[in-house]
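Reader: Please take one part of this chain and go through it closely, in one connected account. State the cut-offs as you use them.

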Amino acid sequence: MTNEEYVKRLGQLYEKVLSLRDDDNYVINQPQMDKLIEVLNFFLDAAQKCNGKVEPVKLTPRAEHGGVTATFLVFDIYGEDIQKYCKVMSYTSAITIDATEDGICMSVTVPEVFVPIEK
């Protein structure tokens, strides 16, 4: 099995597991939701300053995690914004930075924004 086939299969299995879950069985984990909001606000501010764009955030409780995706022609931060960037990145469990035809795309994941209801 190639790496691409393996990743495709893993994605299919993940989707199957998610389909077995019910959103009603999850609640907001407020401390993590607050971190997600802080990450989102950072990228919204950066997008305004750097002429970027933030994708709409789609939250699905059964997926448990939340994420933010933003695109920039140039991601140019300096001064206090560097400290803010480091702080909000410390809230994430995954970061991707990809080159695109139009600049760069940054995606981050904040873990455990939703947690299973304890029964």
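Author: A residue is called buried under 20% relative accessible area, exposed over 50%, and partly exposed in between (1.4 Å probe, protein chains only). By that rule 29% of the 119 residues of the chain are buried. The model is predicted: local features need pLDDT of at least 70 and side-chain atom pairs pLDDT 80 or more, while totals for chains, interfaces and linings use all residues. Residues are numbered from 1 along each chain as its sequence is written, and side-chain values use heavy atoms, with hydrogens and water left out.

The part chosen is strand 5, with its partners and what follows it. The chain holds three helices and six strands, taken as DSSP runs numbered from the N terminus (H or I over at least four residues for a helix, E over at least two for a strand). Their order from the N terminus is α-β-α-β-β-α-β-β-β. Along the principal axes, the C-alpha atoms of the chain fill a box of roughly 45 × 40 × 20 Å.

Strand 5 covers residues 103–110 and pairs with strand 3, residues 66–72; pairing requires that DSSP finds at least two bridges between the strands. Here there are seven bridges, in the antiparallel sense. One of the positions in this pairing is V68, whose bridge partner in strand 5 is V108. Strand 5 also runs antiparallel to strand 4, residues 94–100, and seven bridges join the two. In that pairing A99 lies opposite I104 of strand 5. Strand 4 and strand 5 make a hairpin, and two residues lie between them. As background, side chains in a regular strand alternate between the two faces of the sheet.

Strand 5 also takes part in the packing. The largest nonpolar core, a set of buried Ala, Val, Leu, Ile, Met, Phe, Trp, Tyr and Cys residues joined through side-chain atoms within 4.5 Å, has 23 residues. Those that touch the most other members are V39, F42, F43, V68 and F72. At least two residues of this core come from each of helix 2, strand 3, helix 3 (80–89) and strand 5. The most come from helix 2, which gives eight. V68 therefore appears twice in this account: it touches many core members and is the partner of V108, a point that rests on separate entries.

After strand 5 the chain enters the loop that leads to strand 6 (114–116), and E112 sits in this loop. Its phi is near 55°, a positive value in a residue other than glycine. Most residues other than glycine have a negative phi. E112 is called partly exposed because its relative accessible area is 44%.

A similar angle occurs elsewhere: N51 also has a positive phi near 55° and is not glycine. N51 lies in the loop between helix 2 and strand 2 (53–54), and counts as exposed because its relative accessibility is 70%.

Helix 2 comes back into view at V113. The C-alpha atom of V113 is separated by 8.7 Å from that of D34, although the two are 79 residues apart along the chain. D34 belongs to helix 2, residues 30–50. With a relative accessible area of 41%, D34 is partly exposed. Its side chain is joined to that of Q30 by a polar contact of 2.8 Å, meaning a pair of N or O atoms within 3.5 Å; within protein, one must be able to donate a hydrogen and the other to accept it, and residues adjacent in sequence count only if both atoms are side-chain atoms.
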